[in-house]
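Hi,

Here is the model we talked about, ready to load on your side. Have a look at it first, and then read on for what turned up.

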Amino acid sequence: MAIHHVSRRSFQVTATALAALGAALTVGMAHAQTAPAMPDADMKMVLDAQASLKGKPIETLTPAEARKQPTVTDGVNRVLKAENQSIKPQVLVPGVSSKDIMIPGAAGQLPARVFTPAGRGPFPVVVYFHGGGWVIADKQVYDGGARTLAKNTKAVVVSVDYRRAPEAKFPAQWDDALAAYKWTAANAVQLKGDPTRLALAGESAGGNLAVATAIAARDAGLPKPAIVLSVYPVAQTSTDTASYNTYADAKPLNRPMIKWFVDNLTNSPADLKDPRLQLIDANLAGLPPVVIINAQIDPLLDDGSLLETALRKANVPVERKVYDGATHEFFGTAAVVQKARDAQAFAADRMKAAFGTGM
């Protein structure tokens, strides 16, 4: 058997080459991990249906124009119609009645929709805040998520139309959210609710409001909610996180839209440091358990992770779940999207456990 001599220099060259190859592979793997993911087939169907309605880029419009653009909910309804299915909320989510009322806000009356499950009660009560970047959308656009929450948790859900920017600048939305929670806690009984079993919930901008309202309620000495559900929340004000960079051009939410929302909401750059927007720097101590739901394909994915870290640092019980193949706004699409049904069931299980009504 021939024995080949390898010089020290050759070995060093080989080792250097292997190290370079390893570094290249590492960079390649990192790039692969941060490449944009693709939506699940049913999620893509909804996004394609929304796109077929020919909406204009939100960030190029006035707020009044933006509020008229087709939404993800419109995409869901288009899919349902194509499949000859009903789009009526009471058909999609049976066993829940709804009633529109007015409740006191921080500066006048606010529209709200009360969802009540079938039965005698008293039921737990959830105060719910819709998304839309504090500028667009309302309780109607987000009916699906709130209505299903009422059914799955067997709780009364009060969905609040807080004031929107730019007509009402920061912090009007947060003031209205606290006023709505205060009113609901004081009037739970007349809603067939149990004032000892309260919760806060919201999506996107509303996910921020849910956590911020829990903080404000603590500071105001109001009844403590049993749990907070925060679905793909805005938790900080940097738009340069890894998920912002990976999903800068995602649908239905992208980085230019978020910057447009913030520009319409805030009075000055100083607002961006306020802990109501920069939740990860807020005093989170003493909050009730928080459940965070994130979509994988979303600039706000890392906001959820950063909020989870901040809550753990404050010794707040927190559970976070990321749904791969789902996009921002998926939570209310359960009529056609499986991951939405999964997320709604997960949220309901955690909320029922907090209410003491079982898993």
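How far apart are the mean positions of the positive and negative charges of the chain? They sit 3 Å apart, with 38 positive and 32 negative charges going into the two means. Keep in mind throughout that this is a predicted model.

On to the overall fold. The chain has twelve helices and eight strands. Its radius of gyration is 23 Å, close to the 21 Å that the globule rule gives for 359 residues, so the chain is as compact as a globular protein of that length. The C-alpha trace spans about 95 × 50 × 45 Å along its principal axes. Half the story is inside: 50% of the 359 residues count as buried. The accessible surface is about 16300 Å², and carbon and sulfur atoms account for 56% of that. As for contacts between residues at least 6 apart in sequence, 76% of them join residues at least 24 apart.

Now a helix to zoom in on: H11, residues 301-313. Its 13 residues reach 19 Å from the first C-alpha to the last, close to the 18 Å expected at 1.5 Å a residue. Which residues of H11 are buried? They are Leu301, Asp303, Gly304, Leu307, Glu308, Ala310 and Leu311, so two acidic side chains, Asp303 and Glu308, are on that list. An α-helix has 3.6 residues a turn, so residues three or four places apart point the same way. The buried residues of H11 pack against two helices, H8 (205-220) and H9 (242-246), and against two strands, S7 (290-297) and S8 (318-327). After H11 comes Asn315, with a positive phi near 65°.

A few backbone details are worth checking before you set anything up. There is a cis peptide bond between Ala165 and Pro166, with omega about 5°, and another from Phe170 to Pro171, with omega near 5°. Pro166 lies in the loop between strand S4 (156-160) and helix H7 (172-187), and Pro171 is in the loop between S4 and H7 as well.

Two non-glycine residues with positive phi also came up. Ala137 has a phi of about 70° and is found in the loop between strand S3 (123-129) and helix H6 (143-153). Its relative accessibility is 12%, so Ala137 counts as buried. Tyr232 has a phi of about 30° and belongs to the loop between strand S6 (227-231) and H9. Tyr232 is buried too, at a relative accessible area of 0%.

Cheers

Note on methods
Residues numbered from 1 in each chain as written. Predicted model: local features only at pLDDT ≥ 70, side-chain atom pairs only at ≥ 80, totals over all residues. Heavy atoms only, no water. Helix = DSSP H or I, 4+ residues; strand = E, 2+ residues; numbered from the N terminus. Rg over C-alpha atoms; globule rule 2.2 N^0.38 Å. Buried < 20%, exposed > 50% of the residue type's maximum accessible area, 1.4 Å probe, protein only. Contact = heavy atoms within 4.5 Å. Areas by Shrake-Rupley, 256 points an atom, 1.4 Å probe, with all protein chains shown as cover. Charge placed at Lys NZ, Arg CZ, Asp CG, Glu CD. Expected span 1.5 Å × (residues − 1).
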